[in-house]
Amino acid sequence: MDGAGLPETRSTCPYCGVGCGVLLRADGQGGLSVRGDPDHPANFGRLCSKGSALAETLGLESRLLAPQIDGQEADWDAALQLVANRFKQTIAEHGRDSVAFYVSGQMLTEDYYLANKLMKGFIGSANIDTNSRLCMASTVAGHRRAFGTDTVPGTYEDIEEADLVVLVGSNLAWCHPVLNQRLLAAKKARGTRIVVVDPRRTASCDGADMHLALAPGSDVALFNRLLSDLAKHGAIDHDYLARTEGFDAALAAAEADDVAVTGLQEAEIAAFCDLWRTTEKVVTIFSQGVNQSTSGSDKVNAILNCHLATGRIGRPGMGPLSVTGQPNAMGGREVGGLANMLACHLDLENPDHRAAVRDCWDAPTDIPDAPGLKAVDMFRAVGDGRIKALWIIHTNPVVSMPEADLVRDAIAACPFTVVSDITAATDTARLADVLLPATAWGEKDGTVTNSDRTISRQRAALPAPGNTRPDWAILAEVGQRMGWTKAFDYETPAEIFREHAALSGIAAKFGRDFDISGLAALGDAAYEQLEPVRWPVTAERQGGRFFAEGGFFHPGGKGRLLPVRHRPPAARTEPRYPFRLNTGRVRDQWHTMTRTALSPKLSAHLAEPFLEIHPTDATLLQILPADLVEVQSPLATAILRARITDAVQPGQVFASMHWTGETAPSARIDALVPGATDPVSGQPESKASVVAVRPY
Ligand code: SF4
């Protein structure tokens, strides 16, 4: 039986924040065929290399199919009871802040919602943070400072309606390929100009009209120059500015900054400013190159300042657009999965917001009134013994966190670590006391939200293998076994979704943006059939853009421009560590390769870990193409294959972050990256470490 006669299941790709729709057809032999969904508004049938190869990554060879306790197979009852008992015991002996959850943008919204509810509402601690902290926490902070809420103002259609698209710290061609396909199609159709702002010449530069190879970390100075230039040429929209505050201070800070720190030629800067100023329809897309910085929040606000000062926001073809790395980073933000957020974009610091959430959940304890530990601080607290019980869900921090060796040692020494995942073959899972086998993409049901606020269903097209269970069911069972029977009594993800949607309606009464109360009465059948829908979803409104007429979410309704000044990266180059190390992704791999490495086709793209180094530096160091090189930071050393290329500038090197202790033990790049973080967002600076390079 080839499955050709079976119906197709509509679902969503699990890899990146574009959130492409896919059509799945079971092949009758335990596998699936996958094609792009022509009706999904994110991709209209397109897929990238990773999405196209999804069917190759579904084998059960590396799957975790039964719970394990201390490396021995166990039954669910024993494993779940042990988790509940150890968390309860730790809280009783050391207090509620002695436990923590580290979760993931891979989780479905319903899973994420329950993890947050369990920790913040019932355990009573805010010690839940997510690997989205490494991805876009600076954007969240920037949005909240400017808009009053974490609101993405625009939509993907703006990319097609813009006359100028500026990519800042975003290699869209490799990291969000379907959006890049949409951008290049628009360029062909209407001549969209494209500018790439990135220290490195990436694949995204292939379709660009201009590449500004600025010095690492100098984006604030560039956008401050743009703001000064807009003011100097009378290009400020004073009618729109009346809906905001803070312009004078922002402009004063901008004029005090020195654009020379970008290292760009004055002529390049002038050409960029001219193009931006004289083009009304401008979209600025930004990603990890902006966010993963000790000045990431300020970079975001420097970009937002320019859009607010000119009213280029919330109208077709205009506005800032943050693109997220993970399929459900946005859903995680919506449920309050970050340590400094409450559910439905409510504020932890606001007593009325906390009381409303507590009432909705009928929680037994006050919601914590201060942020919990953000990712870097959380693992440091594990390391120094303040956190004594840790639950890690669908993420591999031993590879992906900065100061990864310290994270590995901390988890290894933690008195009790639980890992929920689809495989036991990760560097983190190997350190777990309890391993909980979760259902994987293709087997689980729920929702995700992509980078333009579109909520889509992930649907199961395959049965759950072995003894695997959905994450929401695992979390609910632990909540019940910890004593909160009624609050965690769920039969389906649809029930959880309805509760989340109802809470968003309460949040809207407090003037919050995230309102999907129009979905709160969705029956099980309607949830099953739910079409992709962009929030807000209420009786009065569905989707659309924000802020064309103002209407911000700060008290008083005004948007805010922020005074921001250039700050250099935390680590300074010095004779011992003369190179600036940039890290990032490659086109065909995803995170720590737990899925994509299963596809021979994807693994063939760039088959081994590498270091990009400029020809001048390679000559000076007597490094030849394909030589092995040793890369050393103050924290650790990696051995990589040299790729000599002028895509990087002299004095800078680039390495990919995917390879793990499982796939290439000498190439765990994040072991080299220090844990310096943005003081506002807590996001680590993953693109500006300092290293020495020498032949190996
Ligand atoms: Fe999947 Fe992202 Fe590729 Fe779309 S662009 S197919 S969501 S990896």
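Student: OK, so domain bounds come from an automatic or database domain assignment. How is this protein divided, then?

Tutor: Keep in mind that this is a predicted model. The division gives domain 1 (9-57), domain 2 (68-134 + 330-483), domain 3 (137-323) and domain 4 (579-695). Notice that domain 2 is written as two stretches, 68-134 and 330-483.

Student: How far apart are the centres of domain 1 and domain 2?

Tutor: Their C-alpha centres lie 27 Å apart. On the contact side, 14 residues of domain 1 meet 14 residues of domain 2.

Student: Which strands of domain 1 supply that side?

Tutor: Strand S1 (9-12) and strand S2 (21-26) each supply at least two residues of the side that touches domain 2. S1 gives the most, with 4 residues.

Student: And what kinds of residues are on that side of domain 1?

Tutor: They divide into 7 nonpolar, 6 polar and 1 charged.

Student: Back to S1 and S2 for a sec. What sheet are they in?

Tutor: An open sheet of 3 strands, in the order S1-S2-S3, with antiparallel pairing. S1 and strand S3 (32-36) are the edge strands, each pairing on one side only. From one strand to the next, the twist averages 35°.

Student: How many bridges join S1 to S2?

Tutor: There are 4 bridges between these antiparallel strands. To find one of them in the structure, start at Thr9 and look for Leu24, its bridge partner in S2.

Student: What does UniProt say about this part, residues 6-62?

Tutor: The unreviewed UniProt entry annotates residues 6-62 as "domain: 4Fe-4S Mo/W bis-MGD-type". In the model, that span is 7% helix and 26% strand, and its end C-alpha atoms lie 27 Å apart.

Student: New topic: the ligand. Which residues come nearest?

Tutor: Of the 14 residues around the ligand, the nearest are Cys13, Cys16, Cys20, Cys48 and Gly51. Two helices, H1 (49-52) and H7 (177-190), each supply at least two residues of the shell.

Student: What is the shell's mix of nonpolar, polar and charged?

Tutor: It comes to 9 nonpolar, 4 polar and 1 charged.

Student: Why does the ligand lie between two domains?

Tutor: Because domain 1 (9-57) and domain 3 (137-323) both give residues to the shell around it.

Student: What about the sheet with S8 and S12, what order are its strands in?

Tutor: That open sheet has 5 strands in the order S10-S9-S8-S12-S13, and the pairing is parallel. Its edge strands, each pairing on one side only, are S10 (210-212) and S13 (319-322). Ignoring direction, neighbouring strands of this sheet are turned by 20° against each other on average.

Student: How many bridges join S12 to S13?

Tutor: Strand S12 (residues 282-286) is joined to S13 by 4 bridges, and the two run parallel. For example, Ile285 has Leu321 as its bridge partner in S13.

Student: Which helix lies across S12 and S13?

Tutor: Helix H13 (residues 296-309) does, and it also lies across strand S8 (164-168). H13 runs at about 150° to S13.

Student: Last one: where could I look for odd backbone spots?

Tutor: Try the cis peptide bond joining Trp535 and Pro536, where omega is about 10°. Pro536 sits in the loop between strand S19 (533-534) and strand S20 (559-560). Then look at His345, which has a positive phi of about 60° although it is not a glycine.

Student: And where is His345 found?

Tutor: In the loop between helix H14 (329-335) and helix H15 (351-361).

Definitions and conventions
Residues numbered from 1 in each chain as written. Predicted model: local features only at pLDDT ≥ 70, side-chain atom pairs only at ≥ 80, totals over all residues. Near = placed C-beta within 6 Å. Nonpolar A, V, L, I, M, F, W, Y, C, P; charged D, E, K, R; others polar. Contact = placed C-beta atoms within 7 Å. UniProt positions renumbered as here; feature names shortened; annotations may be inferred. Pairing = 2+ DSSP bridges. Axes fitted to C-alpha atoms, helices over the stretch in contact; angles between N-to-C directions.
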